[in-house]
Amino acid sequence: LDKVLFVPLPDAPKRVAILRTLMRRIPLAPEVDVDAVALDERCEGFSGADLAALCRESALAAVTQYFDDATKAEAEGRAAAGVASAPEAAEGESSRPLVHMRHISAAIQKIRPSVTAKDRIQYERMRSVVSSSKG
């Protein structure tokens, strides 16, 4: 192929749209503000793939915590009651894992932009060279 295609990293409004789409099927706790996450300065420079990784990491953290809590509750319940029964969700708790802001914040700490600032500058230079040579 002799075509060069430059796809810039999403700006803040595009990150909002991408993250809304990615999180559409993820069970979120009421306190999660998807727009605020996308606009968070720590997400600056994230590609669509980086945002997808953020969603996966957040969901994984929520599921891990959910099962850790359930296992702990079951063990405490058995020790207190002397019976082996599965824990039921307490009143006000969800019967499925929800992604909370703490999970998203932890994921943001782990996920790094796949395109470094140095790479971005280099891509911009290449785009400028290719654009100026066309015309």
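A nonpolar core is a set of buried Ala, Val, Leu, Ile, Met, Phe, Trp, Tyr and Cys residues joined through side-chain atoms within 4.5 Å. In this predicted model, the largest such core has 21 residues. The protein chain comes to five helices and zero strands, in the order α-α-α-α-α along the sequence. Of its 135 residues, 24% count as buried.

**Overall fold**

- Among contacts between residues at least 6 apart in sequence, 79% join residues at least 24 apart.
- One pair far apart in sequence is V130 and F6: 124 residues separate them along the chain, while their C-alpha atoms are 9.8 Å apart in space.
- V130 belongs to helix α5, which covers residues 117-134.
- The relative accessible area of V130 is 27%, so this residue is classed as partly exposed.

**Nonpolar core**

- The residues with the most contacts inside the largest core are L19, M23, V37, L54, I104 and I108.
- Four helices each supply at least two residues of this core: α1, α2 (34-39), α3 (48-81) and α4 (101-110).
- Helix α3 gives the most to the core, with five residues.
- Leaving out residues up to four places away in sequence, V37 touches L19, C43, L54, M101, I104 and I108.
- In soluble globular proteins, nonpolar side chains tend to be buried together.

**Helix α4**

- The buried residues of α4 are H103, I104, A107 and I108.
- These residues lie on the same side of α4, because they cover an arc of only 135 degrees around the axis.
- An α-helix has 3.6 residues a turn, so residues three or four places apart point the same way.

**R15 in helix α1**

- R15 sits in helix α1, residues 12-23.
- With a relative accessibility of 1%, R15 counts as buried, because the cut-off for burial is under 20%.
- A polar atom of the R15 side chain lies 3.0 Å from the backbone oxygen of A38.
- Beyond its neighbours within four places in sequence, R15 is in contact with P10, A38, L39, C43, E44, G45, F46 and L51.

**Cysteines**

- The count of disulfides is zero.
- The closest cysteine sulfur to that of C43 belongs to C55 and is 9.4 Å away, which is too far for a bond because a disulfide needs the sulfur atoms within 2.5 Å.
- For C55, likewise in no disulfide, the nearest cysteine sulfur is that of C43.
- C43 has a relative accessible area of 0% and is therefore buried.
- C55 is buried as well, with a relative accessible area of 5%.
- C43 appears among the contacts of R15 and also among those of V37.

**Aromatic rings**

- A search of the whole structure gives one aromatic pair.
- The pair is formed by Y66 and F67, with ring centres 5.3 Å apart and 85 degrees between the planes.
- This geometry is edge-to-face, because the angle of 85 degrees is over the 60 required.
- Y66 has a relative accessibility of 26% and counts as partly exposed.
- F67, with a relative accessible area of 49%, is partly exposed too, because exposed means over 50%.

Terms used
Residues are numbered from 1 along each chain as its sequence is written. This is a predicted model: local features need pLDDT of at least 70, side-chain atom pairs count only at pLDDT 80 or more; totals for chains, interfaces and linings use all residues. Side-chain values use heavy atoms; hydrogens and water are left out. Buried means under 20% relative accessible area, exposed over 50%, partly exposed in between (1.4 Å probe, protein chains only). A polar contact is a pair of N or O atoms within 3.5 Å; within protein, one must be able to donate a hydrogen and the other to accept it, and residues adjacent in sequence count only if both atoms are side-chain atoms. Contact means heavy atoms within 4.5 Å. Rings of Phe, Tyr and Trp (its six-membered ring) pair if their centres lie within 6.5 Å; planes under 30 degrees apart count as stacked, over 60 as edge-to-face and the rest as tilted. The arc is that of the directions from the helix axis to the C-beta atoms.
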